[in-house]
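Please look at the sequence and the 3D structure shown here, and keep both at hand while reading the report.

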Amino acid sequence: MLVVIRGGGDLATGTALRLYRAKMQVVICETASPTSIRRTVCFSEAVRLGETTVEGVTARRAVLSEVPGLLAGGIVPVLVDPEAACVGTLRPDAVVDAILAKRNLGTVIDMAPIVVAAGPGFTAGEDCHAVVETMRGHYLGRVIYSGSALPNTNVPGLIGGYAGERVLRAPADGIFQGARQIGDRVRSGETMGYVAGVPMACTIDGILRGLLADGVAVTKGMKSGDVDPRCEPAHCACASDKALAVGGGVLEALLHLA
């Protein structure tokens, strides 16, 4: 089965890993300037670096003509194709929208024989065939074949006893410049980066699990980093429980609908 995934962030990458390990062929569509936070576990980093590896699976930035050869070699192609225009040429068996924009950015139910979407902003039976719940809690990863996912609350899930406190947000409009590295141990009050000269301070102690790449344009309040209070450096190098749960839901939906 050939699957085109819209998005290359952490949840999209967890989904891609699930599908890849189930022997499906996966192609990622991303923007030219990804805003992924957990970059060490995001296939979107291939856009910036040319190639990246997550949990032993390698993704490489490519153009459309290179896709067949990369797939044959076990490499995940990453296309700069935010509109997923490649779908018309590749004619995949399925399209998965894992952009996690909390709204539909152009996915329609007739893009492929099977269309699955992750998170709020979609209605199964209208703009896709199935929706996978992305909110932490009892329904995380559940497949919805009629209706929509739970609405976005703008409140991050609880990890290690912290929710909103673990998210770092841009202090101003401008260009982001990091001051620390993913995997660093950090303390409350320390500066993690700058926007237009304004420091972005950490609010809790922990491990810096995610940070925007340097040079990304941000707006005030935009999510720009993530601190994990559980202080496990190994978590920075592997897909999260949430990403794998969502990926498992997508895999279930694809197999069921196929």
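The report below goes from the whole chain to a few strands and then to a single residue.

## Overall form

The model described here is predicted, and in it the protein has 5 helices and 19 strands. Taken along the principal axes, the box that the C-alpha atoms of the protein fill is roughly 50 × 40 × 30 Å. A compact globule of 258 residues would have a radius of gyration near 18 Å, and because the protein has 18 Å, its value agrees with that expectation.

Contacts can also be sorted by how far apart the partners are in sequence. Among the contacts in the protein with a separation of 6 or more, 53% are between residues 24 or more positions apart.

## Surface and charge

Of the 258 residues of the protein, 49% count as buried. The area that the protein exposes is about 11,100 Å², and carbon and sulfur atoms supply 51% of this area.

Turning to charge, the protein carries 24 positive and 25 negative side chains, and the centre of the positive set lies 3 Å from the centre of the negative set.

## Strands E1 and E2

Strand E1, which covers residues 2–6, runs parallel to E2, and the two are joined by 5 bridges. One pair of bridge partners can be found in the structure by looking for Val3 and then for Val26, its partner in E2.

Is strand E2 largely enclosed or left open by the rest of the structure? Strand E2 spans residues 25–30, and 5 of its 6 residues are buried, so the strand is largely enclosed by the rest of the structure.

## An open sheet of four strands

Elsewhere in the chain, 4 strands form an open sheet in the order E16-E15-E13-E18, and their pairing is antiparallel. Strand E16 (198–201) and strand E18 (217–218) are the edge strands of this sheet, since each of them pairs on one side only.

Strand E13, made up of residues 174–178, pairs with E18 in the antiparallel sense, and this pairing has 2 bridges. Here Gly174 has Val218 in E18 as its bridge partner.

## Thr15 in helix H1

Helix H1 runs over residues 10–21, and Thr15 is found in this helix. Is Thr15 buried or exposed? Its relative accessible area is 0%, and since buried means under 20%, Thr15 is therefore buried.

Which residues does Thr15 contact, leaving aside its neighbours within four places in sequence? The residues in contact with Thr15 are Ile5, Ala243, Val246, Gly247 and Val250. One of these, Ile5, belongs to strand E1 (residues 2–6).

Conventions:
Residues numbered from 1 in each chain as written. Predicted model: local features only at pLDDT ≥ 70, side-chain atom pairs only at ≥ 80, totals over all residues. Heavy atoms only, no water. Rg over C-alpha atoms; globule rule 2.2 N^0.38 Å. Buried < 20%, exposed > 50% of the residue type's maximum accessible area, 1.4 Å probe, protein only. Contact = heavy atoms within 4.5 Å. Areas by Shrake-Rupley, 256 points an atom, 1.4 Å probe, with all protein chains shown as cover. Lys, Arg positive; Asp, Glu negative; His and termini not counted. Charge placed at Lys NZ, Arg CZ, Asp CG, Glu CD. Pairing = 2+ DSSP bridges.
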